[in-house]
Amino acid sequence: MSAIRKNDAGADRENRMQKLKKLKMKYFVAGELPAMTDENTLYRLSSFREASGPTLRPGGLKLTSRALELCGVSANSHTGRCVLDVGCGGGATLSLLLRMGCTVTGLDSDSGMIEEARRATGGGADIRYGKAEMLPVSDSSQDIVLCECVLSLCRDKRRVIAECSRVLRPGGYFILTDIVRENEAAGGSDTLNESVQSCLKGAVSQSVLREMMVQEGLQITHEERVDRALSELGARLILGGESLCGLSRWLGIDCAGGTLSRNVLRSLGYVLMTARKEES
């Protein structure tokens, strides 16, 4: 009987995968896509959500508010600026922007996150499915574009930044927060776990980020290392019951890597950068 159940479970999984493939094709026609179901995706783990809070990233809304202030938007500004949140997740930043009086568009590639964001914003934001590499947004239509802890998950980072620059109005601001890996040589790519969707696998150095932004017509206006935000999130995960090995695994590091794994952890940091699109 157990063997039969096992075979049935395998068949069910295969059927679900086939349906998922069909639905993915449907997206290209109708703009719909089901939620991702990869259990190894970090932001889907309940313990990570508990530690990170609704923003699902280091620094939370405190860091977002600081970034927005650097670009002239605050709780008292009510400027009515058009703001795009690339990788809006569950809508925490969108809700903040709405409270600040902004006209808000949210973008995500996970329909589950989109539904969360729509509930969080109560219909006050325009929330769309889309990929960061091909933003479904008009040229020069946004005053501010936020890309918070998203770029490291994208394969073609230069294209993402180019797209963000494209949709910005001249004089508009690009806000980037993300994990960085400054000493890549000390880590060793053989310590990375390819089965886990992790920011670490796509992390690059701060200088590389700066160069890509400048190449896409963005003038850096502020750079700040906020490594403490990353450390604090890690500490909350461990205090919540996760082991150091488990934390490393979530980051995509093979715990068996020993010294190499520790070197990878030591090479990590977190950065806040803002840039202004050059006037035409």
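Helices here are DSSP runs of H or I with at least four residues, strands are E runs of at least two, and both are numbered from the N terminus. With that in hand, welcome to the tour of this predicted model.

**Stop 1: the whole chain.** Start by showing everything as a cartoon. You will find 10 helices and 7 strands in the chain. Now colour by burial: of the 280 residues, 47% are buried. How far apart in sequence are the residues that touch? Among contacts between residues at least 6 apart in sequence, 70% join residues at least 24 apart.

**Stop 2: helix α3.** Select residues 60–70, which form helix α3. Show the side chains and look for Gly60, Leu63, Thr64, Ser65, Ala67 and Leu68, which are buried. What do these buried residues pack against? Add four elements to your selection: α4 (92–99), β4 (142–148), β5 (168–181) and β7 (268–277) are their packing partners. Before leaving, step just past the end of α3 to Gly72, where phi is positive, at about 85 degrees.

**Stop 3: strands β1 and β2.** Next, select residues 82–86 for β1 and residues 103–108 for β2. The two strands run parallel and are joined by 5 bridges. To see one pairing up close, pick Asp85, whose bridge partner in β2 is Gly106. Is β2 mostly covered or mostly open? Mostly covered, with 5 of its 6 residues buried.

**Stop 4: Ala120 on helix α5.** Move on to residues 111–121, helix α5, and click on Ala120. Is Ala120 buried, partly exposed or exposed? Its relative accessibility is 42%, and because the partly exposed class lies between 20% and 50%, Ala120 counts as partly exposed. Leaving aside residues up to four places away in sequence, Ala120 touches Gly90 and Ser95. Try a distance label from Ala120 to Gly90: these two are 30 residues apart in sequence, yet their C-alpha atoms lie 7.1 Å apart in space.

**Stop 5: helices α6 and α7.** For the last stop, select residues 157–167 (α6) and 206–215 (α7). Their axes are 9 Å apart, and the helices pack at an angle of about 45 degrees. That angle makes α6 oblique to α7, because it falls between the roughly parallel range, under 35 degrees, and the roughly perpendicular one, 65 to 115. The crossing is right-handed. Which residues make the contact? Show Lys157, Arg158 and Ile161 on α6, then Met212, Met213 and Gln215 on α7. Coloured by class, this contact has 3 nonpolar, 1 polar and 2 charged residues.

How values were computed: Residues are numbered from 1 along each chain as its sequence is written. This is a predicted model: local features need pLDDT of at least 70, side-chain atom pairs count only at pLDDT 80 or more; totals for chains, interfaces and linings use all residues. Side-chain values use heavy atoms; hydrogens and water are left out. Axes are lines fitted to C-alpha atoms, for helices over the stretch in contact, and angles run from 0 to 180 degrees between N-to-C directions. Angles under 35 degrees count as roughly parallel, over 145 as roughly antiparallel, 65 to 115 as roughly perpendicular and the rest as oblique. A crossing is left-handed if the near helix is turned anticlockwise from the far one by less than a right angle, and right-handed if clockwise. Contact means heavy atoms within 4.5 Å. Ala, Val, Leu, Ile, Met, Phe, Trp, Tyr, Cys and Pro count as nonpolar, Asp, Glu, Lys and Arg as charged, and the others, Gly among them, as polar. Buried means under 20% relative accessible area, exposed over 50%, partly exposed in between (1.4 Å probe, protein chains only). Two strands pair if DSSP finds at least two bridges between them.
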